[in-house]
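Reader: I am new to this structure. Please pick a single part of it and go through that part closely, explaining the terms on the way.

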Amino acid sequence: MDKGTLVEFRVQGDRRLGVVDRPDGKTRWFVLDERGQSHSLAPRQISYTVNGQTYKPSDIGSFQGQVQPYIDPSSLEVAWELLVEDGEAVTPAQMANLLFSESDSAACYAAHCLLSEDKLYFKQKAEAYEPRTAAQVAELKHQIEVKALKARGQKEFADRVEQALRGEAVEWQRHDRQRLEGLEKYAALLADVVRMGVNFDTLARAYPPPSPVLETMNMLERPATPPGALQLLIDLGWWDAHENLFLRRSSIPVQFPSKVLEVAQQRLDFPPTDLDANRLDLSHLKVYTIDDESTTEIDDGLSWELLPDGRERLWVHIADPTRWLVPEDELDLEARKRGSTVYLPTGMVPMFPELLATGPMSLVQGRVSCALSFGVVLDEAGGVEDYTIHPSFIKPTYRLTYEDVDEMLELGVEAEPEIEAIANWAKQRKSWRYTQGAISINMPEATIKVKNDQIDIDILDDSSSRQLVAEMMIMAGEVAARYGQAHNIPLPFRGQPQPELPPDEELLLLPAGFVRSCAMRRCMPKSEMSITPLRHAGLGLNTYTQATSPIRRYSDLLTHFQLKAHLRGESLPFTADQLREVMMTVTSTTQEVTMVERQTNRYWALEYLRRHPDQVWDVTVLMWLREDSNLALILLEDLGLQLPMFFKRTVGLGEQVLVKVSHADPQKDMIQFQEIIYQESHQATN
């Protein structure tokens with residue numbers, strides 16, 4: 001190329017003009033731009049050569065001024081329409097003649113600029129440009145339109161995000177909701193930090209963000225990580241600051257499908273025919289329902305009856321939800337999918353729609369209710385001497401709380417001798433079970449309630465009233481299982497293998513109380529389920545099934561289905577193989593429910609401790625988790641919470657220590673304690 005030749009080249013994608021100055025070696029050229037800056041260019045870096053005359057760097061601005069009037073991208077559409085039919089390729093010079101009827105240097109360069117920037121009508125082929133087909137242009141226009149719509153949607157979404165971040169009310173659109181739901185799924189992965197015990201870096205590597213999430217987070221200049229997605233949802237007010245990620249990450253449905261709610265309403269409006277036409281009328285009995293004050297699903301009641309022969313009969317009346325459904329209908333299948341009611345500190349997720357579960361299915365005070373009643377006569381020792389099972393009508397007389405019953409027992413209320421009689425039999429029954437090998441492990445159990453962001457933690461009191469109810473429910477479970485065993489009925493029997501407890505001499509070396517109970521608890525094997533009877537070592541029973549919470553536990557509902565069909569003389573709704581298959585599904589679901597309940601309780605326990613950093617806690621060292629690194633399990637006695645703690649000194653099992661919370665992060669499932677000296681604790685309490 002000659003000195004003074006005007007050429008086009010690119011610098012980081014930007015179009016530049018420069019004048020050839022001199023060679024740079026054998027193949028390269030030094031080119032000066034309009035500011036006099038020198039660029040060393042290889043021939044392949046030169047994208048256009050302006051022919052016709054020589055230039056100086058100072059001429060570049062003037063030349064660009066001559067070119068500018070020709071730059072009208074819309075003019076290419078006219079040229080394309082003229083050329084598309086023949087499909088002939090054109091050079092920039094030919095395009096200049098066609099568009100401008102001129103062929104001077106400025107017009108030709110302008111045509112080059114238009115063609116090289118065009119992405120719609122023409123495509124480059126060697127030194128020329130050929131028109132795209134009509135179909136290709138139509139498709140490209142469609143893509144451009146889609147891209148523009150997407151960009152507009154992103155801009156509008158970003159505007160609504162800014163509006164929400166300012167605390168203003170936002171009407172989210174359908175596409176917004178899709179974006180936010182994608183963020184929900186990604187943020188819920190944080191639950192895996194707890195479930196899998198992984199750290200955040202491992203989580204980020206294992207779960208890279210899906211493309212829509214990455215796009216959204218990048219657009220909003222937020223970190224594309226699960227914690228980043230969580231914080232965004234909280235900042236937008238889309239999620240609560242304490243959103244239950246464990247529940248969201250699970251397969252547990254929170255809402256009922258509209259079809260299920262419709263069916264529930266229909267059953268309420270038009271009750272189905274009662275299959276148990278010959279219910280035993282027990283409405284003359286005094287029936288006590290005993291629950292926590294907050295309980296809304298009331299599924300058991302108790303009665304005491306003096307028989308003509310002088311014997312006493314205990315009645316355990318269980319709610320009869322099968323009165324309102326049949327196996328395999330919409331309500332049954334929905335309950336099966338849920339497995340059980342989920343009890344969380346913030347509230348419950350019911351197994352049945354509440355309009356049924358807390359209405360006609362429950363044993364409501366003063367209302368005649370359908371029940372499955374277990375009448376039991378115990379021998380003097382507390383073993384079952386005789387029993388009967390009937391679908392029944394009952395009319396609950398009193399709805400009592402555990403505190404009510406404890407007070408009645410303490411005061412010896414003469415007007416309610418039935419309560420005292422039931423309590424005495426419950427004690428006898430418990431003693432009998434211990435003679436049969438039952439194992440008692442007493443560890444404090446925390447109950448956590450959250451309302452209006454207020455966290456309350458209480459220790460579940462193992463009071464006389466709670467023991468009374470527990471013994472009556474265990475008794476009904478034994479009777480249901482014995483009936484199933486006697487009549488060869490497949491039921492969801494529950495059992496527990498005999499534990500291998502440490503020898504007495506070994507247990508005696510451990511401090512009495514919680515430490516010893518903790519050591520025994522570690523030896524207790526998991527309970528098992530089978531369609532044939534099993535011994536339950538922990539309860540001291542040769543056969544047992546759960547039958548007392550059919551509104552809240554699907555396995556109990558299965559027991560009711562089977563027992564009631566047999567009592568009516570009908571074929572069983574579930575064969576042994578069918579029952580085994582259903583039980584496998586339900587067991588898997590209830591394990592997930594248990595995990596969600598446990599994780600949620602732990603979250604709120606850590607949040608409670610996080611909010612009380614200055615509180616001094618009395619703790620007991622229960623057991624070693626890793627003795628070599630001084631990691632122990634401690635019991636916060638005032639709260640009934642068991643949590644890990646690293647000690648900086650040697651401590652002994654059973655030792656009582658004063659601690660404070662040094663760090664707590666519920667979202668990351670982290671808790672750290674520090675031991676404090678007596679003087680500090682004394683000052684803190686005064």
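Author: Two strands count as paired if DSSP finds at least two bridges between them. Strands themselves are DSSP runs (E, at least two residues), as helices are (H or I, at least four), and both are numbered from the N terminus. The model is predicted, so local features need pLDDT of at least 70 and side-chain atom pairs count only at pLDDT 80 or more, while totals for chains, interfaces and linings use all residues. Residues are numbered from 1 along each chain as its sequence is written, and side-chain values use heavy atoms, with hydrogens and water left out.

The part chosen here is an open sheet of 5 strands. Its order is β4-β3-β2-β1-β5, and the pairing is antiparallel. At the edges are β4 (38-41) and β5 (46-50), each of which pairs on one side only. Ignoring direction, neighbouring strands in this sheet are turned by 40° against each other on average. Such angles run from 0 to 180 degrees between N-to-C directions, and the axes are lines fitted to C-alpha atoms, for helices over the stretch in contact.

Within the sheet, β2 (residues 14-24) runs antiparallel to β3 (residues 28-33), and 6 bridges join the two. One residue pair can be picked out: R22 has F30, in β3, as its bridge partner.

A helix also belongs to the picture. Helix α1 (residues 60-67) packs on the sheet and touches β1 (6-11), β2, β3 and β5, where contact means heavy atoms within 4.5 Å. The direction of α1 makes about 140° with that of β2.
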